[in-house]
Amino acid sequence: MNENALKILKKIDSSGYQSYLVGGYPRDLYIGRETIDYDICTNATPKELKKIFGSLLLPAEQYGSVTLIDHSIRYEITTFRKDIKYLNNRKPIEIEYVNNLLDDLKRRDFTMNTMCIDKNGNLIDLLNGRFDINDKIIKTVGDPDFKIYEDSLRILRAIRFATVLNFRLDDELKLAIKKHKSLLKGLSYYRKKEELDKIFSSNNSSYGIRLIRELGLDSELELSNLSNVIPTTYLIGIWAQLDVVDKYTFNNTEKESIIAINELMNKDVLDFNNLYKYGLYISTIVSEIKGIDKNLVNEKYNSMYIHNKTNINIDAKEICDLLNKKPGKFLKEIYNDLEYKLVNKLIENDKEKLKEYINNNYKYI
C-alpha cells in the first residue's frame, strides 16, 4: 500500500471532502501487480483542491481534473462527475459535477477499474469489480454498446487490458467492439499508437495481436500485415514488420531503427560487416524475427575486434609520427582500411601489429 497516497486522501478528507484511490492502483493491488498508476477521485472541485495543495498542483485543469506532484510521484485527481456529452465518440465536452461516488464510478469504462481505496486503506467495491477480476474477465460498466460508442478508444483499452493482464473479453463486449469497430478510424494515430505500443510491448503481445485479428480490427487500424507479424522482445521490432511509417507517428530514432531492421532482414545477420554496421540491438531484433538464436548473434558480436572506429588501437598522431607526415586525407584512407581489416578479423587490434601493417602498406603514401 502506498502510504503517501493515503496521506493525500487524509489531507483531502480532513478538509471536509471525500476522496478515494480509484482505477489502476486498487485493481493492481488486488491482483498483486506492481503499478505506478495513481488516480484519485473526490467530491472536491479543482478550485477547492488548489486551496488544499497550493503549489503542489500543476496549473492546467480540464474537465474537473488536476495533477498533483508529491514526492516525485504523479497523482491525477478528478472531481466526481457525470459525462453528459462526448465529441467525436471520444472526448467529453460537457460534464456535471456530482457529490456521489457511485455516480462517478458509473461513468467509468470497465468494472475492474471501479474498485476504490479509502484513506484507511479499505477496499470499496460498489460495482463488484473484484468478481470480474477473480474471473479474469473484462466487462463494461453498463451497456457495452453505449460505452464503446461513447468513447471508441475503449476498444483498444479493452484489448490492452486483456493483453497485459491476460484476461478474456466479455462476449457482449466483443459484439459491441465488432459492431462499432469502424469508429477506430476517427481516432488520432497518436492515441491509437499509444495503446498499440502497450499491447505490442507486452510479454503477452501474441494474445493481443490475436484479439485484434479475431475482432477484425487490423483493417480499421490499417495494420494489413498483422497476420504475418512475429512477436519480438523489442516493440520496434513489431512496428518494423507492419509497414506503417507513413501513417503512424514515429520519432526519428524509431524511423531509423525501422529502416535498419528492414534493410538487415534481406542480409546475413551473422556476417561481421552487417553486425558492425547495424550493431547488436538491430541485429538481435532481426535475429528474433528470422528465428536465429540470439545467443549466437551475441557471441559473434562480442568476438569482434572492434564495434566502431574509436575502438581502433592507434590514433591519428601515432600514424603521422610513424609515417613522418603531417595530418592529411591519407588518414581517412588508412582508417577505412584498418576498419575493414579489423571487422573481418584479417588483422588483430594490437598497436604494434597495426603499426607494422601501416608501415608495410603506407610507408610511401
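Trainee: Where does Asp243 lie?

Mentor: Asp243 is in the loop between H12 and helix H13 (252-264). Keep in mind that this is a predicted model.

Trainee: Buried or exposed, that Asp243?

Mentor: Exposed, with a relative accessible area of 66%.

Trainee: And what is phi of Asp243?

Mentor: Phi is near 55°. That is a positive value, in a residue other than glycine.

Trainee: Which loop holds Lys345, with its positive phi?

Mentor: The loop between helix H17 (330-343) and helix H18 (351-362). Phi of Lys345 is about 60°, and Lys345 is not a glycine. Lys345 is partly exposed, at a relative accessible area of 32%.

Trainee: What about a glycine? What is phi of Gly216?

Mentor: Positive, near 70°. Gly216 follows H10.

Trainee: Let's stay on H10. Which residues of helix H10 are buried?

Mentor: H10 covers residues 205-214. Ser205, Tyr207, Gly208, Ile209, Leu211 and Ile212 are buried there.

Trainee: What do the buried residues of H10 pack against?

Mentor: Four helices are on the list: H7 (153-165), H9 (189-200), H11 (217-220) and H12 (235-240). Strand S10 (168-169) is there as well.

Trainee: Now the core. Which residues touch the most other members of the largest nonpolar core?

Mentor: Phe200, Leu223 and Trp239. That core has 77 residues.

Trainee: And what does Phe200 touch?

Mentor: Setting aside residues up to four places away in sequence, Phe200 touches Ser205, Ile209, Leu223, Leu226, Leu235, Ile238, Trp239 and Leu242. Leu223 and Trp239 are on both lists. Ser205 and Ile209 come from the buried set of H10.

Trainee: How many residues are in the second core?

Mentor: There are 19, in a core separate from the other. Ile8, Leu9, Ile40 and Phe53 are included.

Trainee: Ile40, you say. What does Thr78 touch?

Mentor: Ile40 is one of the contacts. The others are Cys41, Thr42, Gly64, Ser65 and Arg107, again leaving out residues up to four places away in sequence. Thr78 itself is in strand S4 (residues 73-79).

Trainee: Why does Thr78 count as buried?

Mentor: Because its relative accessibility is 12%, and the cut-off for buried is under 20%.

Trainee: Over to helix H1. Where is Leu6, and is it buried or exposed?

Mentor: Leu6 is in helix H1 (residues 3-14). Leu6 is buried, with a relative accessible area of 5%.

Trainee: How many residues separate Leu6 and Lys119 in sequence?

Mentor: They are 113 residues apart. In space they are 5.1 Å apart, C-alpha to C-alpha. Lys119 is also among the residues Leu6 touches. So are Met1, Leu21, Ile117, Asp118 and Gly121, not counting residues up to four places away in sequence.

Trainee: Gly121 again: what separates the C-alpha atoms of Gly121 and Leu338?

Mentor: 66 Å. Along the chain they are 217 residues apart.

Trainee: What surrounds Leu338?

Mentor: Leu338 touches Ile312, Ile314, Leu354, Tyr357 and Ile358, not counting residues up to four places away in sequence. Leu338 is in helix H17. Leu338 is buried, at 0% relative accessibility.

Trainee: And Leu264, which helix?

Mentor: H13. Leu264 counts as buried too, at 0% relative accessibility. Leu264 touches Val269, Asn274, Tyr278, Ile282, Ser283, Val286 and Lys290, not counting residues up to four places away in sequence. The C-alpha atoms of Leu264 and Ser287 are 9.5 Å apart, with their positions 23 residues apart in sequence.

Trainee: Zoom out. How many helices and strands does the chain have?

Mentor: 18 helices and 10 strands. The radius of gyration is 28 Å, well over the 21 Å that the globule rule gives for 365 residues, so the chain is more spread out than a compact globule. The C-alpha atoms fill a box of roughly 90 × 45 × 35 Å along the principal axes.

Trainee: What share of the residues is buried?

Mentor: 48% of the 365 residues. The accessible surface comes to about 18,600 Å², and 46% of that belongs to carbon and sulfur atoms.

Trainee: Last one, charges. How many positive and negative side chains?

Mentor: 56 positive and 54 negative. The centres of the two sets lie 2 Å apart.

Key. Residues numbered from 1 in each chain as written. Predicted model: local features only at pLDDT ≥ 70, side-chain atom pairs only at ≥ 80, totals over all residues. Heavy atoms only, no water. Helix = DSSP H or I, 4+ residues; strand = E, 2+ residues; numbered from the N terminus. Rg over C-alpha atoms; globule rule 2.2 N^0.38 Å. Buried < 20%, exposed > 50% of the residue type's maximum accessible area, 1.4 Å probe, protein only. Areas by Shrake-Rupley, 256 points an atom, 1.4 Å probe, with all protein chains shown as cover. Lys, Arg positive; Asp, Glu negative; His and termini not counted. Charge placed at Lys NZ, Arg CZ, Asp CG, Glu CD. Contact = heavy atoms within 4.5 Å. Core = buried A, V, L, I, M, F, W, Y, C linked by side-chain atoms within 4.5 Å.
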